[in-house]
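Visitor: Please take me through one part of this structure closely, beginning with a single loop and then following its connections outward. I should like each statement tied to a residue or an element that I can find in the view.

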Amino acid sequence: MNAGLPNDPGGDALERGAREIAARLKDAGFRALWAGGCVRDRLLGRPAKDYDIATNATPDEARALFPRATEVGKAFGVVCVPWRGATYEVATFRRDRGYADGRRPDAVEFTDEREDAQRRDFTVNGLFYDPARDEVLDYVGGRADLQRRVIRAIGDPRARFREDRLRLLRAVRFASTLEFALDPETEAAVKEMADTVRTVSAERIQAELTRLLVESPRAGQGIRLLERTGLLRAVLPEVAAMAGQEQPPEFHPEGDVLTHTVIMLDALQERDADLAWTVLLHDVGKPPTAATGRWPDGRPRVRFDRHAEVGAEMARAILSRLRMPKQRIETVSFAIGNHMRFKDVQRMRRATLRRLIGAPTFPLELELHRLDCISSHGALDNHAFLEQAREEWRDEKPLPPPLVSGHDLLAMGIPEGPALGRRLRRVYEAQLDHPEWTREQLLELARRDDGEGSASARR
């Protein structure tokens, strides 16, 4: 047993509440310990995001001490205690009995802290801290693994993963966000059982992937670890297919599509989920659109015609499958579908350029373009041009709302799909070019659009 925790670099408001809750339990004659991630993070010198308290008080006994507490998992011994503007989970020490569904225990038995530690997932998450004695309690070797910077399952890793298959992804997520290695036996078990993660709900998978992408100092290395363990193929087969897909070396000297994407993810500076998912999926349309041929001089050539449009549809399907929020699906798929337009910005008409810069997604798209460039050919002239144009137009009036909507085009019998989006964009560009045109004139233009746009809309 080891004494003491470092000071919390994130402040003391959450910690004060955790101490007060533990003290009230102790004063009532119960054992009360901080548990799990808060202890891990404090030992690593990181601010604790939240504090969980483990106790030998039953849920009913805890609620008697904290009348405002709510039961979120009484059958599993968990109540939530609101305190000083935050919420703390107070859980009874327990032993789990059976996991028929690979997620929740079939039954639990209340026990002591030693047995409670054994049911947890990884050693670095199995630590306790007694605030009354300022003492870290380690029954699973978690402190040594923190020093070794290793993620290791408690006990038999295969048994831990059978209990909750989401732990397969959590192992990689913790390794990536903490920049730790996977213990060899734990990694071997992940590889053996990777396909079983498909039985986990889409919402839980999505949450783990999003946290990996947003919280990892180098999210690309997290994707590589998913690939190495077989989890990438199980949860995102479309991304796994990018590995080995060659690209034109004159534009992508860094290598295949997945390598390019990994470099971009590692270069992320903003911890934004929309941007991270856009980066991950921006070239997902390349493998299915790849076509090989030869240049006139005989050199081999690979092309990805319409990969942005195909990728946008694939991204929409992937994110929908993962039960992603609708707004994120729209934002990410829009940015992916448009990302190849940035190569032409210096030749765009003023109205088209204004529309590009005035879009609410422009900051995300601009950062995607910057990452795309620095992770491949390195040319940032278009990025600099757009930054200058944005500054020049900063004080101009906002763009007017479109006079013609997608519903109008659908009512004309134009089928939903990429072609509808292209036609809608051309009509809006004509509106910006000709502010004197009426809605009826724009609707007529939409009817006449042959897929390339009218002469006035092409200039």
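Guide: In this predicted model, Ala 48 lies in the loop that joins α2 to β3. Its relative accessibility is 10%, so Ala 48 counts as buried, the limit being under 20%. Ala 48 and Cys 38 are 10 residues apart in sequence, and their C-alpha atoms are 4.9 Å apart in space.

Cys 38 leads to the question of disulfides. With a limit of 2.5 Å between cysteine sulfur atoms, the count is 0 disulfides. Cys 80 is in no disulfide, and the nearest cysteine sulfur to it, that of Cys 38, is 14 Å away. Because 14 Å is beyond the limit of 2.5 Å, Cys 80 and Cys 38 do not qualify as a pair. Cys 80 is itself buried, with a relative accessible area of 13%. Cys 373 is buried as well, at 4%.

The two elements that flank the loop of Ala 48, α2 and β3, also take part in the second largest pocket. This pocket has a volume of about 1,400 Å³. It is lined by 43 residues, of which Asp 52, Glu 89, Arg 120, Asp 121 and Arg 170 are the closest to its centre. The elements that each supply at least two lining residues are α2 (37-43), β3 (52-55), β4 (70-73), β6 (86-92), β7 (94-97), α7 (166-178) and α9. Among these, α7 gives the largest share, 7 residues. By residue class, the lining divides into 21 charged, 16 nonpolar and 6 polar residues.

Strand β7, one of the contributors to this lining, contains Arg 94. At a relative accessible area of 11%, Arg 94 is buried. Arg 94 and Ala 54 are 40 residues apart along the chain, while their C-alpha atoms are separated by 9.4 Å.

Helix α7 leads to a point of backbone geometry. Glu 179 is located in the loop between α7 and β12 (181-182). Most residues other than glycine have a negative phi. Glu 179, by contrast, has a positive phi of about 55 degrees although it is not a glycine. Its relative accessible area of 41% makes Glu 179 partly exposed. Arg 149 also has a positive phi, near 60 degrees, and its place is in the loop between α5 (142-148) and β11 (150-151). Arg 149 is partly exposed, at 39% relative accessibility.

Helix α9 is another contributor to the pocket lining, and α9 (202-215) is also among the elements that cover the buried residues of α17. Helix α17 runs over residues 326-338, and its 13 residues should span 18 Å at 1.5 Å a residue; the end C-alpha atoms are 18 Å apart, which agrees. The buried residues of α17 are Arg 328, Ile 329, Thr 331, Val 332, Ser 333, Ala 335, Ile 336 and Asn 338. Their cover also includes α14 (273-281), α16 (307-321), α19 (362-374) and α22 (418-433).

Two of these covering helices can be followed further. In α22, the 16 residues reach 23 Å from the first C-alpha to the last, close to the expected 22 Å. Buried positions in α22 include Leu 420, Val 427, Tyr 428 and Leu 432, together with the charged residues Arg 423, Arg 426 and Glu 429. Helix α19 holds Phe 362, which is buried at 0% relative accessible area. Beyond the residues up to four places away in sequence, Phe 362 touches Phe 342, Leu 356, Ile 357, Leu 386 and Arg 390. Arg 228 lies elsewhere: Phe 362 and Arg 228 are 134 residues apart in sequence, and their C-alpha atoms are 34 Å apart.

The chain as a whole gives the setting. Its secondary structure comes to 24 helices and 14 strands, and its C-alpha trace spans about 85 × 50 × 40 Å along the principal axes. Of the 459 residues, 52% count as buried. Among contacts with a separation of 6 or more, 66% are between residues 24 or more positions apart.

Key:
Residues are numbered from 1 along each chain as its sequence is written. This is a predicted model: local features need pLDDT of at least 70, side-chain atom pairs count only at pLDDT 80 or more; totals for chains, interfaces and linings use all residues. Side-chain values use heavy atoms; hydrogens and water are left out. Buried means under 20% relative accessible area, exposed over 50%, partly exposed in between (1.4 Å probe, protein chains only). Helices (H or I, at least four residues) and strands (E, at least two) are DSSP runs, numbered from the N terminus. The expected span of a helix is 1.5 Å times one less than its number of residues. Contact means heavy atoms within 4.5 Å. On a 1 Å grid over the protein atoms alone, a cavity is a set of points where a 1.4 Å probe fits but cannot get out, and a pocket is an open set with protein on both sides within 12 Å along at least five of seven lines; lining residues have an atom within 4 Å of a point. Grid points are joined across faces, edges and corners, and a volume is the space filled by probe spheres set on the points.
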